[in-house]
There are 2 protein chains.
Amino acid sequence: MRNLLLEISYNGMNYHGWQVQANAVTIQEKLQDAIEVVFGNREDVKGCSRTDSGVHANVFCCNFKTDKNIPAEKVPDALNANLPCDISVKSCKEMPLGFHARYDCKGKEYVYKIWNSSTRNPFLDKLCYFYKYHLDEKLLSEEAKDFIGKHDFSAFCAAGSSVEDKIREIYSFDVRREGDMVLFIVSGNGFLYNMVRIMVGTLLDISSRKIERGSIPEIIQSKNRSEAGFTVISDGLYLNDVYY
Amino acid sequence: MRNLLLEISYNGMNYHGWQVQANAVTIQEKLQDAIEVVFGNREDVKGCSRTDSGVHANVFCCNFKTDKNIPAEKVPDALNANLPCDISVKSCKEMPLGFHARYDCKGKEYVYKIWNSSTRNPFLDKLCYFYKYHLDEKLLSEEAKDFIGKHDFSAFCAAGSSVEDKIREIYSFDVRREGDMVLFIVSGNGFLYNMVRIMVGTLLDISSRKIERGSIPEIIQSKNRSEAGFTVISDGLYLNDVYY
């Protein structure tokens, strides 16, 4: 038996997220379809995380077991030939049998992309959030530093989440501009449901002065979702890196 | 009466090119729909060129006449509110009554985008041409210089074109790389039907040694379409600038 780790990338625009569900097209389903064609068996693929509907991945990791001996370096081309153009397998690596893409994950990096211009970009529809009021990326990057550290992030978790332990550690949070694109780049050991989207929405509310500068520590302390900002749309969210 | 010049940008992926046609969705039609809503009359919009099905525009210019007095600076937002997300009006300017976006055009720049990597990019499906064999952009940029000048470009015109005068002047032709993306940037006073796509296909055939290095002058001289290379797909073609 072999345990194969795939690094994939996908445009989530046309999918209901990673995880297989009834009556909706998902990335996991498309990947399992391709694996079935190439390996001859429908294998259960374990993903590093459950991405939401519409969320993208520059890097997403998953693993599956097989007893077929197709060389790992031939797997990406073989799977890509059986996948739609919005999902791409970038690499395949042999792992120890005990490896699990989700349980062994030590952390992740997300990037949230905002097109910050007076006119929208016709090539980025559903690939970023269009926000026309000018963002001061230096100010926001300073504010974002208050997220760094180990905190109870209950205030930044969508209501209704069943997770009990809401303590997570944020390693870094930078905001930077590339022309009209503003990138919010955050890494941490784990993220609660909608956590990145609420953190970015809170920074936007600070930008528009709905929320006062310097109040992120208080909002964290409050553990109250209604103290934090709005949840930005999924279109701009990309899983950007996965650490093992 | 006023004559308004619009600078627009569009993702051509979902359109059958610029020009209105029966039973197919076009950019001109969508723009005329929006103008009808905003200005109250369906005006005839003159485009700077006819782009093909699937071709994109970073910059495309067009003009129309109206007697309504909406200030020019308010026109982009008003039209954008009535356009799909893959078409964007960037600016609007008052022009002399005699101005015509097509007849007054002094030249254009196109860029052709090739994703040149061993794995495809899931975010660029239909937005570039995916070519997996390594391209030497310096070599191709040197070869491309042979297109510059005033020539009869019959060899680089799709068979069946009804245009009689096939003399065009190419001002510049550069090939450069930005990471895995290779850009073919060409400007000239005018372009024949499929001319940019055949020029790029010829450079790719030089890259793959189907066509010998240094033979572009001979191919031009031959005036024979079958001497030139293949026609690359429309997905990678962008109108990039329009000169008046």
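This is a short dialogue on reading some features of a predicted two-chain model.

Q: What should I know about the numbering and the confidence limits before I start?
A: Residues are numbered from 1 along each chain as its sequence is written, and chains are lettered from A and ligands numbered from 1 in the order in which they are written. The model is predicted, so local features need pLDDT of at least 70, side-chain atom pairs count only at pLDDT 80 or more, and totals for chains, interfaces and linings use all residues, while side-chain values use heavy atoms, with hydrogens and water left out.

Q: How are the two copies, chain A and chain B, related?
A: Superposition here is by least squares on the C-alpha atoms of residues with pLDDT of at least 70 in both copies. A rotation of 180° with 0.0 Å of shift along its axis places chain B on chain A, with an RMSD of 0.0 Å. The two copies are therefore related as by a two-fold rotation axis. The same surface serves both: 100% of the contact residues of chain B recur in chain A, where contact means heavy atoms within 4.5 Å.

Q: What is the overall build of chain A?
A: Start with secondary structure: helices (H or I, at least four residues) and strands (E, at least two) are DSSP runs, numbered from the N terminus. Chain A has 5 helices and 10 strands. Its C-alpha atoms fill a box of roughly 60 × 40 × 30 Å along the principal axes. The radius of gyration is taken over C-alpha atoms, and the globule rule is 2.2 Å times the number of residues to the power 0.38. For 244 residues a compact globule would come near 18 Å, and the 19 Å of chain A agrees with that. Among contacts in chain A between residues at least 6 apart in sequence, 70% join residues at least 24 apart.

Q: How much of chain A is buried?
A: Buried means under 20% relative accessible area, exposed means over 50%, and partly exposed is in between (1.4 Å probe, protein chains only). By that rule, 55% of the 244 residues in chain A are buried.

Q: What covers the buried residues of helix 3 of chain A?
A: Helix 3 spans residues 137-144, and 6 of its 8 residues are buried, so the rest of the structure largely encloses this helix. The buried residues are A:Glu137, A:Leu139, A:Leu140, A:Ser141, A:Glu143 and A:Ala144. Their cover includes strand 8 (167-178), strand 9 (181-188), helix 4 (195-207) and helix 5 (216-222) of chain A.

Q: Which residue caps the N-terminal end of helix 3 of chain A?
A: Look for a polar contact, a pair of N or O atoms within 3.5 Å; within protein, one must be able to donate a hydrogen and the other to accept it, and residues adjacent in sequence count only if both atoms are side-chain atoms. The cap is A:Asp136, with a side-chain oxygen 3.1 Å from the backbone nitrogen of A:Lys138. In chain B, a side-chain oxygen of B:Asp136 reaches to within 3.1 Å of the backbone nitrogen of B:Lys138.

Q: Where does A:His56 lie, and what does A:His56 touch?
A: A:His56 lies in strand 3 (residues 56-66) of chain A and is buried, at 0% relative accessibility. A polar atom of the A:His56 side chain is 2.9 Å from the backbone nitrogen of A:Gly12. Leaving out residues up to four places away in sequence, A:His56 touches residues including A:Tyr10, A:Lys126, A:Asp235 and, from the other chain, B:Phe123.

Q: How many disulfides are there?
A: A disulfide is a covalent bond between the sulfur atoms of two cysteines. The rule used here asks for a pair of cysteine sulfur atoms within 2.5 Å, and the count is 0 over all chains. The sulfur of A:Cys105 is 5.9 Å from the closest cysteine sulfur, in A:Cys48, which is too far for a bond. For A:Cys157 the closest cysteine sulfur is in A:Cys105, 18 Å away, again too far. A:Cys157 is buried, at 3% relative accessible area.

Q: Which residues other than glycine have a positive phi?
A: Most residues other than glycine have a negative phi. Among those with a positive value is A:Asn194, at about 70°, in the loop between strand 9 and helix 4 of chain A. Another is A:Lys223, with phi near 55°, in the loop between helix 5 and strand 10 (237-243) of chain A.
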